[in-house]
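Q: Could you take a close look at the salt bridges in this model, and at the parts of the chain around them? I would enjoy one connected walk-through with the cut-offs spelled out.

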Amino acid sequence: MGNGSVLTTGDVQRITAGTGIQHSEMNPSVEESVHFLQIWILPEAKGLQPSYEERHFPTEEKRGVLRLICSRDGGRDALSVHQDVAFYGAILEPGKTLDHSLDPGRHAWVQVLRGELTLNDRILYQGDGAAVSEETGLSLRATERNEVIVFDLA
């Protein structure tokens with residue numbers, strides 16, 4: 001597709017490979033390490049046209065709130081994704097709590113990128129992920145400064 005970029009902290013890139021693209025990642029620095037999360041979500045249809053989006057989500061937009069990052073319709077300045085999923089990013093300071101309701105039949109995945117938090121009374125540490133089903137909601141409480149992503153899934 002001819003796209004190329006260098007991603008930095010807070011950048012999110014969405015690629016739909018669809019009918020086929022070539023894609024690769026590399027760290028352009030020989031001195032600094034890189035840490036990124038690559039997430040694969042199966043699209044709801046096959047044969048989609050290849051497409052690409054990239055946005056920066058500043059720390060300030062995620063501090064103390066669940067900031068919508070991706071959704072099916074790309075609303076609220078989010079990236080679009082071809083599936084019934086919404087995912088949010090948040091940064092919480094110690095002692096702060098965020099709640100997220102889950103509609104009946106919905107599931108969640110919570111991934112801790114940095115720090116530590118309590119999810120519905122269970123402690124999660126950096127790198128931990130948790131699947132949540134048959135719950136009416138999520139309660140995220142920061143035990144130390146953290147960064148987390150929450151997936152609300154069909």
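A: Here is a walk through the salt bridges, followed by the surroundings of some of their residues.

A word on the ground rules: residues are numbered from 1 along each chain as its sequence is written, and side-chain values use heavy atoms, with hydrogens and water left out. The model is predicted, so local features need pLDDT of at least 70, side-chain atom pairs count only at pLDDT 80 or more, and totals for chains, interfaces and linings use all residues.

Let's start with the pairing itself. Side chains of opposite charge can pair when their charged atoms come close. The structure holds 11 salt bridges, a salt bridge being a side-chain nitrogen of Lys or Arg within 4 Å of a carboxyl oxygen of Asp or Glu.

One of them joins Asp77 to Arg55, with 3.7 Å between the closest N and O atoms. Asp77 sits in the loop between strand S3 (67-71) and strand S4 (79-80) while Arg55 belongs to strand S2, so this pair ties together parts that are 22 residues apart in sequence. Helices (H or I, at least four residues) and strands (E, at least two) are DSSP runs, numbered from the N terminus. Asp77 counts as partly exposed because its relative accessibility is 48%, and Arg55 is also partly exposed, at 27%. For these labels, buried means under 20% relative accessible area, exposed over 50%, and partly exposed in between (1.4 Å probe, protein chains only). The pair does not stand alone: Arg55, Glu61, Arg67 and Asp77 are linked in a network of salt bridges.

The loop that holds Asp77 has another residue worth a glance. Arg76 is found in the loop between S3 and S4 and has a positive phi of about 50°, although it is not a glycine. With a relative accessible area of 61%, Arg76 is exposed.

Next, look at Arg63 and Glu93, whose side chains meet in a salt bridge (3.9 Å, N to O). Arg63 lies in the loop between helix H1 (59-62) and S3, and Glu93 in the loop between S5 and strand S6 (97-101), so the pair ties together parts that are 30 residues apart in sequence. Arg63 is partly exposed, with a relative accessible area of 40%, and Glu93 is partly exposed at 27%.

Now to a pair in another setting: Asp152 and Arg106 form a salt bridge whose closest N and O atoms are 2.7 Å apart. Here too distant parts of the chain are linked, with Asp152 in strand S12 and Arg106 in the loop between S6 and S7, 46 residues apart. Both Asp152 and Arg106 are buried.

Asp152 has a further partner. A polar contact of 2.8 Å joins its side chain to that of His100. A polar contact is a pair of N or O atoms within 3.5 Å; within protein, one must be able to donate a hydrogen and the other to accept it, and residues adjacent in sequence count only if both atoms are side-chain atoms. His100 is found in strand S6 and counts as buried because its relative accessibility is 13%. Leaving aside residues up to four places away in sequence, His100 touches Leu66, Tyr88, Gly137, Leu138 and Asp152, where contact means heavy atoms within 4.5 Å.

Two of those neighbours of His100, Leu66 and Leu138, lead us to the nonpolar interior. A nonpolar core is a set of buried Ala, Val, Leu, Ile, Met, Phe, Trp, Tyr and Cys residues joined through side-chain atoms within 4.5 Å. The largest such core has 22 residues, and Leu66, Val110, Leu117, Leu119, Leu124, Leu138 and Leu140 touch the most other members. At least two residues of this core come from each of strand S5 (85-92), strand S7 (107-114), strand S8 (116-119), strand S10 (129-132), strand S11 (137-142) and strand S12 (146-153). S5 gives the most to this core, with four residues. There is also a second, separate core of 10 residues, including Phe57, Val85, Ile149 and Phe151.

Finally, a buried arginine to visit: Arg14, in strand S1, counts as buried at 9% relative accessibility. A polar atom of the Arg14 side chain lies 2.8 Å from the backbone oxygen of Ser80. Beyond residues up to four places away in sequence, Arg14 touches Ser51, Tyr52, Glu53, Leu79, Ser80 and His82.
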